[in-house]
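Please open the model in your viewer and keep a selection prompt at hand. The tour below proceeds by selection, one group of elements at a time.

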Amino acid sequence: MGMTDVLIVGAGPTGLVLACDLARRGAAVRIVDRSPAPPRTSRAKGPNARSLEILDDLGVAEEVLAAGSARLPMLKYRDRLPVAETDPWADSAPSPDAPYDRGRLIAQWRLEEILRDRLAGYGVRVELGREVVGLAEAADGRHVGVTFAEGRTERARYVVGCDGAHSSVRKLLGIGFEGTTAEDQVMVCGDVDLAEGTLDRTRWHQWFDEDGAVMLCPIPGTRTGWWFQAGPERDGRGRPLAPTADGFRRLLTRHTALPGRALTRAELLSTYRVNVRMADRFRAGRVFLAGDAAHVHAVAGGLGMNTGIQDAFNLGWKLGLVLAGHAGAELLDTYEEERLPVAARTLDLTSERLRATLEAIRRPGGGLDAAITPDTTGLGVGYRWSSLAWVHDEAPRHDEAPRHDEAPQPGDGLPGSPQPGDRAPDAPCVDAVTGARTRLHRVFAGPRTTVLGFGPGSAAVLREVAAAYGDAGVRTCRVYASYESGAQSGPGTAVVDDRGHAAAAYGTGASDDRDTGTGTGTGTGTGTGTGTGTGTGTGTDTGTVVVIRPDHHLGLSAPADDARSVHAYLRRLHGAGRPRNGSPALVDAARKG
């Protein structure tokens, strides 16, 4: 077997998203899992709004939406009687810059099935029953030798451990996993069947009593399946008992008005302890950690799987550009630089939400809605501190990543005009050639960097970029204001910002910069992450150029007359433009040397 570009260890959502992203870039990717059959787990209840954007980019969002269900209102009980109903999402609505305002409920095994099917479309299948027992970077530093339990050793240019909280990859690297396990904060979980008609499936039912709790949430795509979570039964000394079907029936009888026999089946039983731990680094040479292998935290807010999916989306394009020989291997340093502070912040956020939830459920009517805040959508997570976030008129910043206690809040990116490092807003617009309605995230979709040009002055830069980088993974898109003409000339994609949402979202003001000397444009949008932006310019020279990274984050926003900054930024990611000769491995090795 020849050299693999990237060997992914662990076929949960994090590993599968990374594999799909690399496979569509043409990388030689393999994914292994030690389970003999696809892991069937149900703990994560579904993607949040930001993860849906990533799944959309990978081409599976429609399938996920169809297989899942909307987030449900929560019906809360005390002493077996309903006391309150809350819909934590009642006030949120899709907005021009964020078409997904909330997550989706879907069984984790079903999401994994959809991602495995997508991966199979690229000719890649999960290799089951393969356990990694040894890792050794080659003496020449050009690959990693990976030893499997059956005794074979195979070679890969890079290895990514997506193998969960008990990660073998992390242990083999000797990377510390510091933190705490709260032995007293325990929950028993499982997938159960309730006799048909037992409970209303349009609600997430939550019974919180002083001596325990039971939560039942319907599993989408099933007729009688429910997620069961509860405080455990305890023995005479107060120690939690292991979960069993009969134990679940006793908990049901104790806390709800339902008879124990209504629970007809229980499987995937597990005990969940609140673990708050983080790897002290996310990389050792050519081996990376992502998802639960790198960080675990309280379940509150549902950010575990989502943080892993977002790790994968950050790492995939960087590995892709380095393997293709465009970017230098130092681009890979930005994975830890960007994701470690986000993980640290997520640990704090989820611990705080858990504390708020435990506080809330002491009062009748309190429930899991205490864990839901705008932070949990993931839309506000950005990387303003990153060396890939270039502020115009500044030398590229190579700040130290913030200490954990000062990591930017995930909400830093909202509202107002996005800054370099922030998530790139979406906006509805019209395809200038076909007249069909589209949106900016559709333009960004697929594994490329996008250069957006606002205003007439941006045309020259877009032409230069298309000529230099059109074959090297960069696309250009001219965003025309509704009054501009000539919307079909020039290379690349062109869209018409017919409602002004793009100019408002990016704060370019281009929509109001007519050819009348100096103009100031202001656009206002509604909803998460939009705001008011102002742009000034003179006559037809006006314009703004925005570089969007392949993971939908802003790299640079510069006036259209500053082509130098745009080219310098693209060189950082895509080299000198035009694919180089020689295999990716040789380029990579030459750079390492």
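What follows is a sequence of selections, each with a description of what is found there. Please bear in mind throughout that the model is predicted.

**Helix α1 and its first partner**

Begin by selecting helix α1, residues 13-24, together with helix α4, residues 108-120. The two axes lie 9 Å apart, and the helices pack at an angle of about 20 degrees. Because angles under 35 degrees count as roughly parallel, α1 is classed as roughly parallel to α4. The crossing of α1 past α4 is left-handed.

Next, display the side chains at this contact. On the α1 side, select Pro 13, Leu 16, Val 17, Ala 19, Cys 20 and Ala 23. They meet Gln 108, Glu 112, Leu 115, Arg 116, Arg 118 and Leu 119 of α4. Sorted by class, the contact of α1 with α4 comprises 8 nonpolar, 1 polar and 3 charged residues.

**Helix α1 and its second partner**

Keep α1 selected and replace α4 by helix α7, residues 304-323. Here the packing angle is about 25 degrees, and the axes are 8 Å apart. This angle makes α1 roughly parallel to α7. What is the handedness of the crossing of α1 and α7? The crossing of these two helices is right-handed.

From α1, the contact draws on Pro 13, Thr 14, Val 17, Leu 18, Asp 21, Leu 22 and Arg 24. From α7, the residues to select include Met 305, Ile 309, Phe 313, Trp 317 and Leu 319, with Gly 308, Gly 316 and Gly 320 also among them. By class, the contact of α1 with α7 has 11 nonpolar, 4 polar and 2 charged residues. Pro 13 and Val 17 deserve a label, since they take part in the contact with α4 and in the contact with α7.

**A hairpin**

Now move to strands β8, residues 132-137, and β9, residues 144-148. The strands run antiparallel and are joined by 5 bridges. Select Gly 134 to find its bridge partner in β9, Thr 147. The two strands form a hairpin with 6 residues between them, and Gly 141 in the turn has a positive phi of about 70 degrees.

**An aromatic pair**

The structure contains 8 aromatic pairs; for one of them, select Phe 282 and Tyr 335. The ring centres are 6.3 Å apart and the planes stand at 45 degrees, so this pair is tilted. Phe 282 belongs to the loop between β15 and β16, whereas Tyr 335 is in helix α8, residues 333-360, so the pair ties together parts 53 residues apart in sequence.

**An open sheet**

Select the 8 strands that form an open sheet of mixed pairing, in the order β19-β28-β27-β22-β23-β24-β20-β21. Which strands stand at the edges? They are β19 (390-391) and β21 (437-439); each has a single partner strand, so one side of each is left without a neighbour in the sheet. At the β19 edge, that strand pairs with β28, residues 554-559, in the parallel sense over 2 bridges. Trp 390 stands opposite Leu 556 in β28.

**A last helix pair**

Finish with helix α10, residues 459-469, and helix α12, residues 563-574. Their axes come within 11 Å and cross at roughly 25 degrees, which means that α10 is roughly parallel to α12. The crossing is right-handed. Val 461, Glu 464, Val 465 and Tyr 469 of α10 meet Ala 563, Val 566, His 567, Leu 570, Arg 571 and His 574 of α12. These contact residues divide into 6 nonpolar, 2 polar and 2 charged.

Key
Residues numbered from 1 in each chain as written. Predicted model: local features only at pLDDT ≥ 70, side-chain atom pairs only at ≥ 80, totals over all residues. Heavy atoms only, no water. Axes fitted to C-alpha atoms, helices over the stretch in contact; angles between N-to-C directions. Helix = DSSP H or I, 4+ residues; strand = E, 2+ residues; numbered from the N terminus. Parallel < 35°, antiparallel > 145°, perpendicular 65-115°, else oblique. Left-handed = near helix turned anticlockwise from the far one by under 90°. Contact = heavy atoms within 4.5 Å. Nonpolar A, V, L, I, M, F, W, Y, C, P; charged D, E, K, R; others polar. Pairing = 2+ DSSP bridges. Phe/Tyr/Trp six-rings, centres within 6.5 Å; stacked < 30°, edge-to-face > 60°.
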